[in-house]
Amino acid sequence: AKSEGRDTYRLYDHEMGQEARARRIMEHELRHAVSRNEFSLVYQPQKKIDTGETIGYEALLRWKHPERGNVSPGIFIPVAEESGAIVQIGEWVLQEACRTAAKWNEALTVAVNVSPVQLHSPHFALTVHQILLNTGLAPQRLELEITETALVRDMHRALATLRQLKGIGVRVAMDDFGTGYSSLSNLRAFPFDKIKIDGSFIRQVDTNQQAATIVKAVLGIGRGLGLPVLAEGVETSGELKFLAGEFCQIGQGYFLGRPAPLESIENEVAA
Ligand code: C2E
Ligand code: CA
Ligand code: CA
Ligand code: CA
């Protein structure tokens with residue numbers, strides 16, 4: 001039994017070592033992925049629910065690894081956050097999204113995800129300001145999607161940065177609403193322009209009583225605070241109908257449009 005225990009430990013130790021090694025390799029690859037042009041953006045429409053009109057697009061990051069092919073953001077973003085590479089990668093995303101949207105019809109906005117690490121990096125607001133100047137995108141056309149995780153890390157600093165961003169004229173949306181911590185106090189304490197309800201609450205909203213209750217409550221909060229609400233992850237006509245009936249203003253999801261490369265939305269975004 002004693003030797004068995006030792007072997008188990010060795011196997012465990014070996015596996016941990018491999019996992020840590022794989023992570024270090026990925027960290028290293030991510031540091032070079034920007035200069036090696038391995039990143040691209042896809043764009044998913046955000047639509048008015050009552051008219052179906054597209055008001056903007058969310059930019060979503062894609063990484064095509066030379067050997068492993070497409071790696072999901074759910075896998076590589078946490079690694080890039082932990083190593084700090086997300087700051088440089090996030091800057092590339094902002095630059096690319098703003099450069100692209102500057103050529104679109106000026107009624108359209110572009111939404112960009114900002115990692116908590118990036119939000120708290122030095123001079124983040126200044127970086128955003130410089131990118132807007134470089135690309136010529138009107139600040140009002142850029143919406144930064146920020147999760148509550150970013151706020152709780154350092155409340156004072158997050159508030160200062162959000163105020164600087166608002167001062168520049170960019171908009172901020174609270175992303176993944178309902179999945180984080182103490183959502184309600186955060187909505188009051190921070191100057192958000194929009195609430196994005198997480199897709200997990202939208203799934204089966206038309207058939208599941210609990211999901212429906214939560215979504216209705218969030219819509220009530222949005223109305224009370226004067227903030228438009230966007231429902232993420234709309235996958236069926238039933239879900240869309242429910243949202244329309246509850247006067248949810250904006251929707252996003254596979255039923256309304258899948259994330260797509262720029263080439264395939266050229267007609268929709270033409271100025
Ligand atoms: P998110 O910000 O909540 O983005 C929504 C995710 O849901 C995207 O996954 C999108 O492709 C997916 N989605 C859209 N419609 C539907 C639907 O109807 N059903 C389902 N099941 N999924 C839908 P994606 O592109 O894999 O991104 C995953 C997460 O990775 C994002 O979640 C975001 O947190 C992060 N991410 C993506 N791009 C960036 C980026 O440029 N910077 C940072 N910091 N994070 C990013
Ligand atoms: Ca988002
Ligand atoms: Ca989400
Ligand atoms: Ca998210």
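The calcium ion (ligand 2) is held by four protein donors, E58 (OE), N113 (OD1), E145 (OE) and D175 (OD), at 2.2 to 2.4 Å; donors here are N, O and S atoms within 2.8 Å of the metal (3.2 Å for Na, K and Ca), and water is not among the atoms, so sites may look incomplete. Along the chain, these donors are spaced as E-x54-N-x31-E-x29-D. E58 in strand β2 (residues 54–65) and N113 in strand β4 (residues 109–114) are 55 residues apart, so this pair ties together distant parts of the chain. E58 is buried, at 5% relative accessible area, while N113 is partly exposed at 29% (buried is under 20%, exposed over 50%, partly exposed in between, with a 1.4 Å probe and protein chains only). The calcium ion (ligand 3) sits 5.7 Å from the calcium ion (ligand 2). 

A word on the model: it is predicted, so local features need pLDDT of at least 70 and side-chain atom pairs count only at pLDDT 80 or more, while totals for chains, interfaces and linings use all residues. Residues are numbered from 1 along each chain as its sequence is written, chains are lettered from A and ligands numbered from 1 in the order written, and side-chain values use heavy atoms, leaving out hydrogens and water.

Now for the largest nonpolar core, which has 75 residues (buried Ala, Val, Leu, Ile, Met, Phe, Trp, Tyr and Cys joined through side-chain atoms within 4.5 Å). L142, L144, I146 and L165 touch the most other members. Helix α3 (residues 86–101) gives the most to this core, 7 residues; helices (H or I, at least four residues) and strands (E, at least two) are DSSP runs numbered from the N terminus. Beyond its neighbours within four places in sequence, L142 contacts residues including L94, C98, V110 and R171 (contact means heavy atoms within 4.5 Å).

Over in helix α11 (residues 237–245), E239, L240, F242 and L243 are buried. They line one face of the helix, because they fall within an arc of 160° seen down its axis, taken from the directions from the axis to the C-beta atoms.
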